[in-house]
Amino acid sequence: MTTGATIDLAEKFAAFSDHWRPRVAAQLNGQDVRLVKVQGVFPWHSHAEADELFLVWKGRFRVEFRDRIETLDPGQFIVVPRGLEHRTAADEEAEVLIFEPSEVINTGDAAVSDFTAPQGQTI
């Protein structure tokens, strides 16, 4: 992660292959810009103190709520309000940018599991 430099998203996403392990590409005002590759279904969870923004770069991505499913294509984003239970999913691999406070744990209030990513991994 380089401060004050142009970030090439295609280059950054090409630098890793694992799923559900966000990498911090930039930080601003206490927020991380995280890059993540996803495939399959993530556990249900919520974040009591933080909104999350998911922006699809490549592929098709779902955000599932208890009462509906939102499907996003490249160039689309959604903001999940703090406290709202959700899970994310992709049938095929998708590449997604996540904007959220730096202290947010990706699995929120769900039990620690294989989906719980290490904090602060940069790219």
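Contact here means heavy atoms within 4.5 Å. With that in hand, arginine 62 is a handy way into this predicted model. Arginine 62 sits in strand 4, and once its neighbours within four places in sequence are set aside, the residues it touches are Val41, Ile69, Glu70, Thr71, Arg87, Thr88, Ala89, Ala90 and Asp91. Buried means under 20% relative accessible area, so arginine 62, at 17%, counts as buried. Its side chain also has polar company: one polar contact, of 3.0 Å, goes to the side chain of glutamate 64, and another, of 3.1 Å, goes to the side chain of aspartate 91.

Strand 4 has a partner in strand 5, which covers residues 69–72. The two run antiparallel and are joined by four bridges, and the hairpin that links them passes through four residues. Within this pairing, valine 63 stands opposite glutamate 70 of strand 5.

Valine 63 leads on to the nonpolar side of the picture. In soluble globular proteins, nonpolar side chains tend to be buried together. Here the largest nonpolar core holds 16 residues, and Val38, Phe54, Phe61, Val63, Ile78 and Val96 have the most contacts inside it. At least two core residues come from each of strand 2 (31–41), strand 3 (52–58), strand 4 (61–64), strand 6 (77–80) and strand 7 (87–101). Strand 7 provides the largest share, with four residues. There is also a second, separate core; it has nine residues, among them Phe16, Ala25, Leu97 and Ile123.

Which residues does valine 96 touch, leaving aside its neighbours within four places in sequence? They are Phe13, Arg34, Leu35, Val36, Val38, Phe54, Leu55, Trp57 and Phe61. Val38, Phe54 and Phe61 are also listed with Val96 among the residues that have the most contacts inside the largest core.

Next come the empty spaces inside the model. How many cavities of 30 Å³ or more are there? The count comes to two. The largest cavity holds about 140 Å³ of space and is lined by 15 residues. Those nearest its centre are Trp20, Phe42, Phe54, Thr88 and Ile98. Strand 2, strand 3 and strand 7 each give two or more residues to this lining. Strand 7 gives the most, with four residues, and strand 7 is also the element with the largest share of the largest core. Two of the residues by the cavity centre have already turned up: Phe54 is among those with the most contacts inside the largest core, while Thr88 is in contact with arginine 62.

Trp20, another of the residues nearest the cavity centre, deserves a look at its backbone too. Tryptophan 20 lies in the loop between helix 1 (9–14) and strand 1 (23–28). Although it is not a glycine, tryptophan 20 has a positive phi of about 65 degrees. Asparagine 29 likewise has a positive phi, near 50 degrees, in a residue other than glycine. That asparagine 29 belongs to the loop between strand 1 and strand 2. Are these two residues buried or exposed? Tryptophan 20 is buried, because its relative accessible area is 8%. Asparagine 29 counts as exposed, because its relative accessibility is 77%.

Methods: Residues numbered from 1 in each chain as written. Predicted model: local features only at pLDDT ≥ 70, side-chain atom pairs only at ≥ 80, totals over all residues. Heavy atoms only, no water. Core = buried A, V, L, I, M, F, W, Y, C linked by side-chain atoms within 4.5 Å. Buried < 20%, exposed > 50% of the residue type's maximum accessible area, 1.4 Å probe, protein only. Pairing = 2+ DSSP bridges. Polar contact = N/O pair within 3.5 Å; in protein donor to acceptor, adjacent residues only side chain to side chain. 1 Å grid on protein atoms, 1.4 Å probe; cavity = no way out; pocket = protein on both sides within 12 Å on 5 of 7 lines; lining within 4 Å. Points joined across faces, edges and corners; volume = space filled by probe spheres on them.
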